[in-house]
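Ready for some practice in reading a protein structure? Grab a pencil and work through the exercises below, then check each solution.

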Amino acid sequence: MVELSCKSEYAMLALLALANHYTQGEPRQIRQIATEQQIPDRYLEQLLATLRRGGLVRSERGAKGGYLLAREPWKVTLLEIVECIEGLKTRSSATKSSPKTIESAIVREIWQEVRQTTHSVLQKYTLQDLKEQRDAKQQLNIMYYI
């Protein structure tokens, strides 16, 4: 089945942590994000480097340096994150050869539909949407503890 990879999930969690502090404009350090989101430091370091090369985050050097979102949270789609981490744009062009059988053509057509649906859903949601959904769930949890 189509599943969210650990890499993509961690990338979304890291970017969500950066989105939480976007309005303050202060960079977040790897260890802060790693602790907050329970992501191994070394793994997070590699993911943030990939996200930086993909233009989704920017880094600042120095004692108070760290990572910031490169754009507003409402302008970063989940599709962009997954494509950056998984390299999906280049991979999809590798399946352009003609199918060898009718059956393989049918399977390929269905898989294309799955890809289009997935693409559509991921394009629809932004980091801001994740943040708002998280905040709403946190509010519900607070109400239960009163």
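**Exercise 1.** Find how far apart the mean positions of the positive and negative charges of the protein are.

*Solution.* Keep in mind that you're looking at a predicted model. Start with the charges: the protein has 21 positive and 17 negative ones. Next, take the mean position of each set; these two points lie 6 Å apart.

**Exercise 2.** Work out how the helices and strands of the protein are ordered.

*Solution.* Begin with the count: seven helices and two strands. Now walk along from the N terminus, and you'll read α-α-α-β-β-α-α-α-α.

**Exercise 3.** Decide whether Asp 135 is buried, partly exposed or exposed.

*Solution.* First, locate the residue: Asp 135 sits in helix H7, which covers residues 127-145. Then look up its relative accessibility, which is 27%. Buried would need a value under 20%, and exposed one over 50%. So Asp 135 counts as partly exposed. For the bigger picture, 32% of the protein's 146 residues count as buried.

**Exercise 4.** Describe how Asp 135 relates to Arg 134 and to Ser 8.

*Solution.* Take Arg 134 to start with: its side chain makes a polar contact of 2.6 Å with that of Asp 135. Now turn to Ser 8, which is 127 residues from Asp 135 in sequence. In space, the C-alpha atoms of Ser 8 and Asp 135 are 21 Å apart. To put that on a map, the C-alpha trace of the protein spans about 60 × 40 × 25 Å along its principal axes.

**Exercise 5.** Find what share of the protein's exposed area comes from carbon and sulfur atoms.

*Solution.* Take the total, about 10100 Å². Carbon and sulfur atoms supply 54% of that area.

How values were computed: Residues are numbered from 1 along each chain as its sequence is written. This is a predicted model: local features need pLDDT of at least 70, side-chain atom pairs count only at pLDDT 80 or more; totals for chains, interfaces and linings use all residues. Side-chain values use heavy atoms; hydrogens and water are left out. Helices (H or I, at least four residues) and strands (E, at least two) are DSSP runs, numbered from the N terminus. Buried means under 20% relative accessible area, exposed over 50%, partly exposed in between (1.4 Å probe, protein chains only). A polar contact is a pair of N or O atoms within 3.5 Å; within protein, one must be able to donate a hydrogen and the other to accept it, and residues adjacent in sequence count only if both atoms are side-chain atoms. Accessible areas come from the Shrake-Rupley method with a 1.4 Å probe; for residues, only the protein chains shown count as cover. Lys and Arg count as positive and Asp and Glu as negative; His and the chain ends are not counted. The place of a charge is taken as NZ of Lys, CZ of Arg, CG of Asp or CD of Glu.
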